[in-house]
Amino acid sequence: MKLFFTVLLVILMTACSPMWEDGDYEVYYLDGDIALGIKIDNSGAYHRRVCHKIVAVGSNEKYIVAKQLEPGSTIASYFYIERESDNKYLNHDEITQGPYTEIQFAELIQGLGLPSFSKVF
């Protein structure tokens, strides 16, 4: 019986943990959606930065990057966030840059020094 409760506790703890995190930014699963957000507090509250299905994410000291698939689509959209300009009180449309096509994003990688994707979901 103790083993059952231990296994259950481990499952519940991992279900609530983020899929990726870097500082205040996390990729999390909520209501069937994988999203990128910035933490508002330590209670699990976020402001979303990129909604829908996040399929890849990366970061460096200056930027956060995300690759997204819209529901029912196989075409990817790309986004970036400049960390220095962001704070938890801004809405996503005030800080998130994008959507960009793959070609546009490749140009931004070269021009701005955006990071590569370090985690794929």
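1. A word on terms before we start: a residue counts as buried under 20% relative accessible area, as exposed over 50%, and as partly exposed in between. By that yardstick Asp22 is partly exposed, because its relative accessibility is 23%. Glu21 falls in the partly exposed class too, with 46%. Please also keep in mind that what you are looking at is a predicted model.

2. Now the overall picture. The protein has three helices and nine strands. If you walk along the sequence, the pattern reads α-β-β-β-β-β-β-β-α-β-α-β. There are 121 residues, and 31% of them count as buried. The accessible surface is about 7,700 Å², with 56% of that belonging to carbon and sulfur atoms. As for contacts between residues at least 6 apart in sequence, 38% of them join residues at least 24 apart.

3. A good place to start looking is the sheet made by strands E1, E2, E3 and E4. These four strands form an open sheet in just that order, and they pair in antiparallel fashion. At the edges sit E1 (20-22) and E4 (46-50), each of which pairs on one side only. From one strand to the next, the twist averages 40°.

4. Next, the pairing of E3 with E4. The two strands run antiparallel and are joined by four bridges. If you want a pair to find on screen, try Leu36, whose bridge partner in E4 is Val50.

5. Gly37 deserves a stop of its own. This glycine is in strand E3, which covers residues 33-39. Is Gly37 buried or exposed? Gly37 counts as buried because its relative accessible area is 0%, and the cut-off is under 20%. Leaving aside residues up to four places away in sequence, Gly37 touches a good list of others: Asp24, Tyr25, Glu26, Tyr28, Tyr46, His47, Arg48 and Arg49. The C-alpha atom of Gly37 is separated from that of His47 by 5.3 Å, although the two residues are ten apart along the chain.

6. Asp33 is another E3 residue to check. With a relative accessible area of 13%, Asp33 is buried. Which residue does the side chain of Asp33 meet in a polar contact of 2.6 Å? The partner is the side chain of Arg48. Arg48 also turns up among the residues that Asp33 touches, together with Tyr28, Cys51, His52 and Lys53, again not counting residues up to four places away in sequence.

7. On to the salt bridges. How many does a search of the whole structure find? The search finds five. One of these joins Lys39 and Glu21, with the closest N and O atoms 3.9 Å apart. Since Lys39 lies in strand E3 and Glu21 in strand E1, this pair ties together parts that are 18 residues apart in sequence.

8. A further salt bridge pairs Arg83 with Asp22, and here the closest N and O atoms are 2.6 Å apart. This one links distant parts of the chain: Arg83 is in the loop between strand E7 (76-82) and helix H2 (92-95), while Asp22 is in strand E1, 61 residues apart.

9. Then there is Arg49, which forms a salt bridge with Asp86, the closest N and O atoms being 2.9 Å apart. What does this pair tie together? Arg49 lies in strand E4 and Asp86 in the loop between E7 and H2, so the salt bridge ties together parts that are 37 residues apart in sequence. Both Arg49 and Asp86 are buried. Elsewhere, salt bridges with shared partners join Glu21, Glu26 and Lys39 into one network.

10. Stay with Arg49 for a moment and look at its backbone. Its backbone oxygen lies 2.9 Å from a polar atom of the Thr96 side chain. Thr96 is in the loop between H2 and strand E8 (97-100). Thr96 counts as buried because its relative accessible area is 11%. Apart from residues up to four places away in sequence, Thr96 touches Arg49, Val50, Phe79, Tyr80 and Ile81. Val50 may ring a bell: this is the bridge partner of Leu36 in E4.

Terms used:
Residues are numbered from 1 along each chain as its sequence is written. This is a predicted model: local features need pLDDT of at least 70, side-chain atom pairs count only at pLDDT 80 or more; totals for chains, interfaces and linings use all residues. Side-chain values use heavy atoms; hydrogens and water are left out. Buried means under 20% relative accessible area, exposed over 50%, partly exposed in between (1.4 Å probe, protein chains only). Contact means heavy atoms within 4.5 Å. Two strands pair if DSSP finds at least two bridges between them. Axes are lines fitted to C-alpha atoms, for helices over the stretch in contact, and angles run from 0 to 180 degrees between N-to-C directions. A polar contact is a pair of N or O atoms within 3.5 Å; within protein, one must be able to donate a hydrogen and the other to accept it, and residues adjacent in sequence count only if both atoms are side-chain atoms. Accessible areas come from the Shrake-Rupley method with a 1.4 Å probe; for residues, only the protein chains shown count as cover. A salt bridge is a side-chain nitrogen of Lys or Arg within 4 Å of a carboxyl oxygen of Asp or Glu.
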